[in-house]
Amino acid sequence: MAAPLSKRERQIGFGIVALTAIAYIAIWTPVIIGKVKPAKNPSFLDNPAVAITEGLALMAITAFMIYRNQRRFAGVGAIIVALGAGWGSLVLLAFPLMAWGVFAGFKVDRAQVELRRQARQAKKAGLAPPNAAGSKTTTMAPRPRPSASKRYTPPKPPSKREARRRRNSRP
């Protein structure tokens with residue numbers, strides 16, 4: 001489980017999402033007003049209200065995930081906004097949001113990694129995993145080795161092709 005976002009990461013995330021939303025609105029305002037004609041090819045640019053609604057909805061979902069301290073979802077949401085919203089040729093404006101999404105979404109908590117490593121080593125040694133207090137004095141009996149199976153499965157007979165190959169390879 002990922003660690004929750006720190007207070008600083010949340011502040012930075014909210015700030016970047018807010019600035020990205022302002023930039024997104026600034027990009028789409030001339031298209032909505034009608035000062036800029038959409039491209040000739042049929043796409044969602046024919047209806048700019050859909051494009052701006054989609055982008056702002058994705059940003060709102062990302063901001064909600066930041067608010068809820070959902071590190072992975074906030075990071076993936078930020079990456080989706082940066083790559084999936086209608087940025088057009090101004091996709092570089094979304095780069096800070098994508099960078100924050102990669103940083104926040106895939107950050108590894110070193111304390112959790114260390115606890116998992118200690119638990120893995122304790123399991124190999126037959127000890128109980130360290131508890132919250134951190135005492136390693138409790139021991140468990142190591143698992144007994146499984147006894148040998150009484151069933152014997154003979155090896156498969158060689159296939160006809162393999163038998164021919166063996167016969168032909170003898171001098």
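For the surface patches discussed here, a patch is built from residues that have over 30% relative accessible area and no salt bridge, with like charges joined within 9 Å. Keep that in mind while looking over this model, which is a predicted one.

**The overall layout**

The protein has six helices and zero strands. Reading from the N terminus, the order is simply α-α-α-α-α-α. Of the 171 residues in the protein, buried ones make up 25%.

**The positive patch**

So who sits in the patch of positive charge? Arg72, Arg116, Arg120 and Lys124 gather there on the surface. Helix α5, covering residues 110-125, supplies the largest share of this patch, with three residues. Arg120 is a good one to click on: this arginine lies in helix α5, and at a relative accessible area of 52% Arg120 is exposed, because the cut-off for that class is over 50%.

**The nonpolar patch**

There's also a nonpolar patch on the surface, and Val76, Ile80, Val102 and Phe106 make up its area of about 350 Å². Take Phe106 from that group. You'll find Phe106 in the loop between α4 (95-105) and α5. With 52% relative accessibility, Phe106 counts as exposed.

**Salt bridges**

How many salt bridges does the structure hold? There are three, and here they are side by side:

| Salt bridge | N to O distance |
|---|---|
| Glu9 and Arg71 | 2.8 Å |
| Arg117 and Glu114 | 2.3 Å |
| Glu162 and Arg165 | 3.4 Å |

Start with the side chains of Glu9 and Arg71, which meet at 2.8 Å, N to O. Glu9 belongs to helix α1 while Arg71 belongs to helix α3 (residues 71-84), so this pair ties together parts that are 62 residues apart in sequence. Are these two buried or exposed? Both Glu9 and Arg71 are buried.

Next comes the bridge between Arg117 and Glu114. These two residues are three apart in helix α5, which puts about one helical turn between them. Arg117 counts as partly exposed at 33% relative accessibility, and Glu114, at 32%, also counts as partly exposed. Now, Arg117 has over 30% relative accessible area, but patches take residues with no salt bridge, so Arg117 is left out of the positive patch because of its bridge to Glu114.

That leaves Glu162 and Arg165, whose closest N and O atoms are 3.4 Å apart. Both of these residues lie in helix α6 (residues 160-169), three residues apart, or about one turn of the helix. Glu162 has 28% relative accessibility and counts as partly exposed.

**Aromatic pairs**

Finally, have a look at the rings. The count comes to two aromatic pairs. In one of them, Tyr24 and Trp28 have ring centres 6.4 Å apart and planes at 55°, so the pair is tilted. Where do Tyr24 and Trp28 lie? Both are in helix α1 (residues 7-33), four residues apart, about one turn of the helix. As for cover, Tyr24 is buried, with a relative accessible area of 0%, and Trp28 is buried as well, with 3%.

How values were computed: Residues are numbered from 1 along each chain as its sequence is written. This is a predicted model: local features need pLDDT of at least 70, side-chain atom pairs count only at pLDDT 80 or more; totals for chains, interfaces and linings use all residues. Side-chain values use heavy atoms; hydrogens and water are left out. Rings of Phe, Tyr and Trp (its six-membered ring) pair if their centres lie within 6.5 Å; planes under 30 degrees apart count as stacked, over 60 as edge-to-face and the rest as tilted. Buried means under 20% relative accessible area, exposed over 50%, partly exposed in between (1.4 Å probe, protein chains only). Patches are made of residues with over 30% relative accessible area and no salt bridge: like charges are joined within 9 Å, nonpolar side chains (Val, Leu, Ile, Met, Phe, Trp, Tyr) within 5 Å. Accessible areas come from the Shrake-Rupley method with a 1.4 Å probe; for residues, only the protein chains shown count as cover. A salt bridge is a side-chain nitrogen of Lys or Arg within 4 Å of a carboxyl oxygen of Asp or Glu. Lys and Arg count as positive and Asp and Glu as negative; His and the chain ends are not counted. The place of a charge is taken as NZ of Lys, CZ of Arg, CG of Asp or CD of Glu.
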